[in-house]
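Dear colleague,

I am passing a structure on to you, and I would be glad if you could look it over with the notes that come after it.

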Amino acid sequence: MLLVQAIGHIGADAIVQVADGREFVSFRIAHTQRFKNADGQVTEHTQWIDCIMNGRPAVTPYLVKGQQVYVSGAANLRVYDSAKDHCKKAGLQVRCIAVELLGSPRTNDTQKPNETDAPPF
C-alpha cells in the first residue's frame, strides 16, 4: 500500500454518494506548486487529487469549496476516458484515512481592514 500525505484547497463542496449500498464522501483538492523556470519567471503548476472517505464522517459538512485540508491515505492511480476530448487520462485518487481542516475557507471577498479600524488590543 502506498501512503500519501497532501495539503490543498477543496475545489468543490464534498458529495455524499452511494455505490453497492455503501455510503462514501468524495471531494477534490488542488495543490499548487510555484517555482521559477529557466527564464526566471514564476510558474505555477496545479495538481488535482480525488479523495474518497468511507461512510459519512462528522467532518463532511465542513468539506466546502476553498477549505484548506490535510489528507492522508492509500493512493491509487486511476485511468479514465476524458469526457471532453475522449482520450485516456490518469489521476491520483486517495482513500482517506485522516482528514484535518486547516484554517478557514477561502472566499472571493478580499476584504482589507480599513486604516481607521483600531487594532483589537
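Below I go through the overall make-up, the strand pairing, and then two residues of one strand.

Please keep in mind throughout that this is a predicted model. The protein chain contains zero helices and six strands, so that, read from the N terminus on, its elements follow the order β-β-β-β-β-β. Of the 121 residues in the protein chain, 28% are buried, and the accessible surface of the chain amounts to about 9200 Å², with 51% of that area belonging to carbon and sulfur atoms. As for the contacts in the protein chain with a separation of 6 or more, 58% are made by residues that stand 24 or more positions apart.

Turning to the pairing of strands, β3 (residues 22–36) and β4 (residues 42–54) run antiparallel and are joined by 13 bridges; within this pair, Thr32 has Thr46 in β4 as its bridge partner. The two strands β3 and β4 make up a hairpin, with five residues between them, and in its turn Gly40 has a positive phi of about 85°. Strand β4 also pairs with β6, here in the parallel sense and over four bridges, and Ile49 is found opposite Leu92 in β6. Strand β4 is thus a good place to begin when you inspect the model, given that its pairing with β3 is antiparallel while its pairing with β6 is parallel.

Two residues of β6 may deserve a separate look. Lys88 lies in this strand, which spans residues 88–102, and Lys88 counts as exposed because its relative accessibility, at 62%, is over the 50% cut-off. If residues up to four places away in sequence are left aside, Lys88 touches Val79, Tyr80 and Asp81.

The other residue is Ile97, which likewise lies in strand β6. Its relative accessibility is 63%, and Ile97 therefore counts as exposed. Together with Met1 and Leu3, Ile97 forms a nonpolar patch on the surface, and the accessible area of these three residues together is about 420 Å².

When you have the model open, which residues form the nonpolar patch with Ile97 is perhaps the point to check after the strands; they are Met1 and Leu3, as said above.

With kind regards

Methods:
Residues numbered from 1 in each chain as written. Predicted model: local features only at pLDDT ≥ 70, side-chain atom pairs only at ≥ 80, totals over all residues. Heavy atoms only, no water. Buried < 20%, exposed > 50% of the residue type's maximum accessible area, 1.4 Å probe, protein only. Contact = heavy atoms within 4.5 Å. Areas by Shrake-Rupley, 256 points an atom, 1.4 Å probe, with all protein chains shown as cover. Pairing = 2+ DSSP bridges. Patch = residues over 30% accessible without salt bridge, like charges linked within 9 Å, V, L, I, M, F, W, Y side chains within 5 Å. Salt bridge = Lys/Arg side-chain N within 4 Å of Asp/Glu carboxyl O.
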